[in-house]
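Please find below my notes on the model, set out as numbered points. They go from single residues to the metal site and then to the fold as a whole.

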Amino acid sequence: MFRQTILFCILFTGFLFAQVDSALVEVISVNPHIQLDLRYATDNNFLHQKVYPEPRCFLRYEAARALDDVQKELENIGLGLKIYDGYRPLSVQKKMWEIMPNAHYVANPKKGSRHNRGMAVDLTLVDTNGKELPMPTGFDSFSKKAHQDYWNLPTNILRNRWILRTVMEKHGFKPIRTEWWHYDYKGWKKYKVLDASFKKLEGKK
Ligand SMILES: [Zn+2]
């Protein structure tokens, strides 16, 4: 009986601390109304280089489902989402680090970026015509103005940032202080860093 209890405790502890590994899904397969502007598949990014082979956005299933809820809620007030970045394979993270080996701009691939876990998303708001709403800065501006606690901004911009944050938080996403466009889905730390290419993920639901 004692041995069985010990074995149960070991197995249960293993279960508690095991890393979670749910499937990555393509966001537009969950909600085709979410717009994409995947900047790393173009040279319109701070690296001025295309580092993604294709403009595709994958996220872990839980995060994609939650984003679907965010989109539906925003549509009720005449708004929607536009995604700049989602899951990023670790090999791309290494490539970005080679181009810019500076932790102020790029996460060190030794630790991995939150985006490598498929639980982080960079995004903004658009109106019914797909036009981006004014926000504090452009995507990947590494300035103080991009911080969530920067308040010296016009009222409409403060309101837009607040709407995005309120609806994202309601559906389980957490903001980070330094980038108004970046959100992590709850529990992201438990998820593994991945290196599956977009091609490999293709067709998986
Ligand atoms: Zn991000």
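1. Met119 sits in the loop between H4 and strand E5 (120-127). In this predicted model, Met119 has a relative accessible area of 0% and is therefore buried. Outside its sequence neighbours within four places, Met119 is in contact with Arg60, Ala63 and Arg114, and also with Tyr183, Asp184, Tyr185, Lys186, Gly187, Trp188 and Tyr191. Val193 is 74 residues from Met119 along the chain, and their C-alpha atoms are separated by 9.9 Å.

2. Which residues supply the protein donors of the zinc ion? They are His115 through NE2, Asp122 through two OD entries, and His182 through ND1, at 2.0 to 2.8 Å from the ion. Along the chain the donors follow the spacing H-x6-D-x59-H. The angles among the 4 donor atoms run from 51 to 151 degrees, and the site is irregular. A tetrahedral assignment would require all angles to lie between 85 and 135 degrees.

3. Two of the zinc donor residues can be described further. His115 counts as buried because its relative accessibility is 4%. Asp122, with 2% relative accessibility, counts as buried too.

4. Asp85 is part of strand E4 (residues 79-85). Is Asp85 buried or exposed? Its relative accessible area is 0%, so Asp85 is buried. The side chain of Asp85 makes a polar contact of 2.6 Å with the side chain of Arg88. Leaving aside neighbours within four places in sequence, the contacts of Asp85 include the zinc donor residues His115 and Asp122. The other residues in contact with Asp85 on that count are Leu38, Tyr40, Tyr52, Ala120 and Val121.

5. Helix H4 (residues 90-99) has Leu90, Val92, Gln93 and Met96 buried. Viewed down the H4 axis, the buried residues fall within an arc of 155 degrees, so they line one face of the helix.

6. Leu90, a residue of helix H4, has 16% relative accessibility and so counts as buried, the cut-off being under 20%. With residues up to four places away in sequence not counted, Leu90 touches Pro109, Gly112 and Asn116, together with Val193, Leu194 and Asp195. From Leu90 to His115 the C-alpha distance is 8.9 Å, with their positions 25 residues apart in sequence.

7. The largest nonpolar core has 51 residues, and Leu67 and Phe173 touch the most other members. Helix H3 (residues 61-75) gives the most to this core, contributing 6 residues. Not counting residues up to four places away in sequence, Phe173 touches Ala63, Ala66, Leu67 and Val70, which fall in the range of H3. Phe173 also touches Val121, Met168, Tyr183, Asp184 and Tyr185. Ala63, Tyr183, Asp184 and Tyr185 are likewise among the contacts of Met119.

8. Asn160 belongs to helix H5 (residues 155-170). At a relative accessible area of 2%, Asn160 is buried. Beyond residues up to four places away in sequence, Asn160 touches Leu125, Leu133, Pro134 and Met135.

9. Positive phi values in residues other than glycine deserve a look. His48 has phi near 55 degrees and is located in the loop between strand E2 (35-36) and strand E3 (58-60). With a relative accessible area of 61%, His48 is exposed. Asp140 has phi near 60 degrees and is located in the loop between E5 and H5. Asp140 is buried, as its relative accessible area is 10%.

10. On the fold as a whole: how many helices and strands does the protein have? Its secondary structure comes to 6 helices and 7 strands. Read from the N terminus, the order of elements is α-β-α-β-β-α-β-α-β-α-β-β-α. The protein has 205 residues, of which 46% count as buried. Among contacts between residues at least 6 apart in sequence, 73% join residues at least 24 apart.

Terms used
Residues numbered from 1 in each chain as written. Predicted model: local features only at pLDDT ≥ 70, side-chain atom pairs only at ≥ 80, totals over all residues. Heavy atoms only, no water. Core = buried A, V, L, I, M, F, W, Y, C linked by side-chain atoms within 4.5 Å. Buried < 20%, exposed > 50% of the residue type's maximum accessible area, 1.4 Å probe, protein only. Helix = DSSP H or I, 4+ residues; strand = E, 2+ residues; numbered from the N terminus. Contact = heavy atoms within 4.5 Å. Polar contact = N/O pair within 3.5 Å; in protein donor to acceptor, adjacent residues only side chain to side chain. Arc of directions from axis to C-beta. Donors = N, O, S within 2.8 Å, 3.2 Å for Na, K, Ca; no water. Tetrahedral: all angles 85-135°; square planar, octahedral: opposite > 155°, others 65-115°.
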